[in-house]
Amino acid sequence: MNQLFITGIGTEVGKTVCSAVLTQYFKADYWKPVQSGDLDNTDTHKIQSWTENTVCHPETYRFQLAASPHQSAREENIEINLDQFQLPKTDNSLIVEGAGGLMVPFSDEIFIIDLIERLNLPVALVVRNYLGCINHTLLSIMALEQKKLKLEYLIFNGPFPPDTEKVICNFIKRETRIIHIPEMVQPTKDSIKAAAEQLTITKL
């Protein structure tokens, strides 16, 4: 693994926990391009507290309002510009974590998926089990395929009914690898390390 963009099928599906596990597993650096709200306890702060000796690169944009980035930016009279995003320079692997899902807006016309395309990174898609997750997952996969973005990993975060997992796996390409990460209600450095040590990456 060299560089990877972590996104999800929606909000609150566990992207940061999964980012922490993969950061630990790959001994990677971490970068959150946009942070909206919770500036005293950002995703970067969480990665620093949950992983060991991780280099965390500063966000390109930080907003006070905990909302969609386009709304948070507008509250501060700032326009998010894709040209401002530059991958951090590092000799290590790099985990990049997005905000929400693929179609979370940066502006009226620019979305998370456009940032992934600009950075030209392979994607890890985080999936959590809930009513509607199949629909959201398949639509996310279709959006990535439309942009010709590579789905490197499909991450099942927490337990899944076998029938749900089967439908989703039948929709992905054979080169996409599958990761299962256990449910972590209150992640700690020890639980993240244990998940990374036990992590397995499989193919269909």
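In the predicted model, strand β2, which spans residues 29–31, pairs with β6 in the parallel sense over three bridges, and within this pairing Asp-29 stands opposite Leu-94 of β6. Helix α1 packs on the sheet, where it touches β1 (3–8), β2, β6, β7 (123–128), β8 (151–157), β9 (177–181) and β10, and its direction makes an angle of about 170° with that of β6. Helix α4, formed by residues 112–119, likewise packs on the sheet, with contacts to β1, β2, β6 and β7, and the direction of α4 makes about 170° with that of β1.

The sheet itself is open and consists of eight strands, arranged in the order β4-β2-β6-β1-β7-β8-β9-β10 with mixed pairing. Its edges are formed by β4 (56–57) and β10 (201–202), each of which pairs on one side only.

Turning to the empty space in the model, the largest pocket holds about 740 Å³. This pocket is lined by 31 residues, of which Glu-12, Lys-15, Thr-16, Asp-43 and Lys-46 are the closest to its centre. Two or more lining residues are given by each of the elements α1 (15–26), β3 (34–36), α2 (43–50) and β6 (94–101), and the largest share, four residues, comes from β6, the strand that also pairs with β2 and is touched by both α1 and α4. When the lining of the largest pocket is divided by class, 12 residues are nonpolar, 10 are polar and nine are charged.

How values were computed:
Residues are numbered from 1 along each chain as its sequence is written. This is a predicted model: local features need pLDDT of at least 70, side-chain atom pairs count only at pLDDT 80 or more; totals for chains, interfaces and linings use all residues. Side-chain values use heavy atoms; hydrogens and water are left out. On a 1 Å grid over the protein atoms alone, a cavity is a set of points where a 1.4 Å probe fits but cannot get out, and a pocket is an open set with protein on both sides within 12 Å along at least five of seven lines; lining residues have an atom within 4 Å of a point. Grid points are joined across faces, edges and corners, and a volume is the space filled by probe spheres set on the points. Ala, Val, Leu, Ile, Met, Phe, Trp, Tyr, Cys and Pro count as nonpolar, Asp, Glu, Lys and Arg as charged, and the others, Gly among them, as polar. Two strands pair if DSSP finds at least two bridges between them. Contact means heavy atoms within 4.5 Å. Axes are lines fitted to C-alpha atoms, for helices over the stretch in contact, and angles run from 0 to 180 degrees between N-to-C directions.
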